[in-house]
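Student: Could we go through this model together, starting with its aromatic rings and then turning to a sheet?
Tutor: Gladly, let's have a look.

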Amino acid sequence: MAAAALLQGSDVARASSASAREQSPRATADPPKRDQREGGQAHEPVLAGIDVLEADGFAPLRGRRVGLITNQTGRSRQGVSTIDLLMKAKEVTLVALFSPEHGIRGLVDERVASSRDDATGLAIHSLYDATRRPTDAMLTGIDTLVVDLQDSGARFYTYPATTAYVLEEAAKRNIRVLVLDRPNPIDGFDVEGPVQDASAIGFNGYVPMPIRHGLTLGELARLFNGEKSIGANLTVVAMKNWRRDDWFDATGLVWTNPSPNMRNMVAATVYPGIGALEGTNLSVGRGTDQPFEQLGAPWIDGPALAAALNARDLPGIRFYPVTFTPSAGAKLGGEACHGVFVIVTDRDRLKPVRVGLEIAAALWKRHGAQFKLEDAAYLFGSKATLEKIRAGVEPAAIAATWAADEAKWRLTRAKYLLY
């Protein structure tokens with residue numbers, strides 16, 4: 001058990017250091033980006049939380065009866081699933097599996113039924129069906145819950161809320177929680193967007209935060225536990241060698257689609273902006289080969305929209321007109337959708353939430369009678385932002401109003417940073 005104490009001690013040490021930074025006169029500043037710090041030099045390959053846990057001989061789990069919340073992204077650097085690793089770990093009893101949205105294999109884009117794992121014979125309890133929380137029956141015989149999920153870095157992705165609900169239910173029953181940390185794929189430095197309204201807090205945004213939150217799932221778990229006073233017995237198994245300004249492709253880890261439509265780094269990069277518009281009457285490319293890299297609708301003038309957006313000269317992105325037809329079952333399935341395809345030219349300069357704002361403003365200006373802007377309220381989160389779009393306020397001025405929210409979030413998150 002000494003190794004387990006070391007892991008918890010490391011967590012506490014990092015937390016104390018972050019808390020001290022928050023109370024200092026420079027509390028508003030995040031750690032500097034690497035290009036400011038050391039010329040952008042390469043570093044050692046990143047070890048995810050599961051790799052660190054394996055190297056430690058699974059010490060924190062010895063003698064424990066474990067429930068594992070995971071999916072296809074839960075795998076070691078060597079490509080072995082966390083399920084298999086815990087099944088084979090000495091003195092560890094894996095009791096049950098829990099699946100988030102999209103299921104244990106990440107292939108389902110609807111409600112997920114509970115089932116049984118063919119390879120292990122373990123029950124797979126769905127946390128995206130009739131309940132989104134583990135129940136008494138699901139938790140029978142479990143004294144430790146382990147979370148190993150790859151987040152997207154956007155507020156409205158559901159894995160953070162699933163983790164929060166696990167913390168809440170574990171705290172009620174005195175069950176330990178171990179979160180095996182993984183990178184924020186779009187870096188853990190940049191923060192952007194409005195904090196959501198109270199009416200938009202829920203499964204697509206557990207606490208008030210900007211759309212691009214800049215935290216890892218382990219850091220979010222620490223923040224949820226602290227800011228919501230959940231009181232869970234939480235340990236985060238931190239990564240090794242990950243830096244806040246690392247994008248996923250700098251880690252050396254293998255990309256595994258965290259959900260069926262999050263298929264590459266380009267989609268992940270623009271998702272905080274384009275995904276924010278998904279609640280409206282647009283297709284964001286689901287049911288095509290390139291979801292989130294294109295958007296459209298039958299009533300859009302694609303060439304005019306592309307020209308209007310390119311005239312804005314937004315940093316790090318360009319647009320070209322496109323027509324696509326989503327497959328049957330997807331939104332606007334079978335209908336020819338005219339719109340734009342995005343090309344990311346410089347992701348370090350790109351502001352994806354601003355891109356979503358600019359698209360919404362351009363559509364409202366050109367197609368206001370057909371574009372259901374009000375339906376963006378839940379994912380974009382800010383009705384005040386949408387009202388400004390309707391009023392014709394310049395998008396740059398609207399984005400500037402997010403600065404106070406972004407600064408407040410940086411202060412709130414400071415004491416929970418692990419890297």
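Student: How many aromatic pairs does the count come to?
Tutor: Keep in mind that this is a predicted model. Rings of Phe, Tyr and Trp pair if their centres lie within 6.5 Å. By this rule, the number of aromatic pairs is 13.

Student: What kind of pair do the rings of tryptophan 242 and tyrosine 419 make?
Tutor: Planes over 60 degrees apart count as edge-to-face. The centres of the rings of tryptophan 242 and tyrosine 419 are 5.2 Å apart and their planes stand at 85°, so this pair is edge-to-face.

Student: How many residues apart are tryptophan 242 and tyrosine 419? And are they buried or exposed?
Tutor: Happy to take both, beginning with burial: tryptophan 242 and tyrosine 419 are both buried. Tryptophan 242 is in the loop between strand 7 and helix 7, while tyrosine 419 is in the segment after helix 13. The pair thus links distant parts of the chain, and the separation is 177 residues.

Student: Which class fits the rings of phenylalanine 380 and tryptophan 402?
Tutor: Both of these residues, phenylalanine 380 and tryptophan 402, are buried. Their ring centres lie 6.3 Å apart with the planes at 50°, so the class is tilted.

Student: Why does that pair tie together parts of the chain, and how many residues apart are they in sequence?
Tutor: Look at where each residue lies: phenylalanine 380 belongs to helix 10, and tryptophan 402 to the loop between helix 12 and helix 13. The pair therefore ties together parts whose separation in sequence is 22 residues.

Student: Which ring has the charged end of arginine 133 over it?
Tutor: A nice one, since this ring also appears in a cluster: ring pairs link Tyr128, Tyr165, Phe203, Tyr206 and Phe224. The charged end of arginine 133 sits 4.2 Å from the centre of the ring in question, that of tyrosine 165.

Student: On to the sheet, then: which strands stand at its edges?
Tutor: This is an open sheet of 3 strands with antiparallel pairing, in the order 8-10-9. The edge strands each have a single partner, so one side of each is left without a neighbour in the sheet; they are strand 8 and strand 9.

Student: Which residue stands opposite isoleucine 317?
Tutor: Strand 9 pairs with strand 10 in the antiparallel sense over 8 bridges. The residue opposite isoleucine 317 is in strand 10, and it is valine 344.

Student: Last one: at what angle does helix 7 run to strand 10?
Tutor: Helix 7 covers residues 265-274 and lies across strand 8, strand 9 and strand 10. Its angle to strand 10 is about 120°.

Key: Residues numbered from 1 in each chain as written. Predicted model: local features only at pLDDT ≥ 70, side-chain atom pairs only at ≥ 80, totals over all residues. Heavy atoms only, no water. Pairing = 2+ DSSP bridges. Helix = DSSP H or I, 4+ residues; strand = E, 2+ residues; numbered from the N terminus. Contact = heavy atoms within 4.5 Å. Axes fitted to C-alpha atoms, helices over the stretch in contact; angles between N-to-C directions. Phe/Tyr/Trp six-rings, centres within 6.5 Å; stacked < 30°, edge-to-face > 60°. Buried < 20%, exposed > 50% of the residue type's maximum accessible area, 1.4 Å probe, protein only. Lys NZ or Arg CZ within 6 Å of the ring centre and 35° of its normal.
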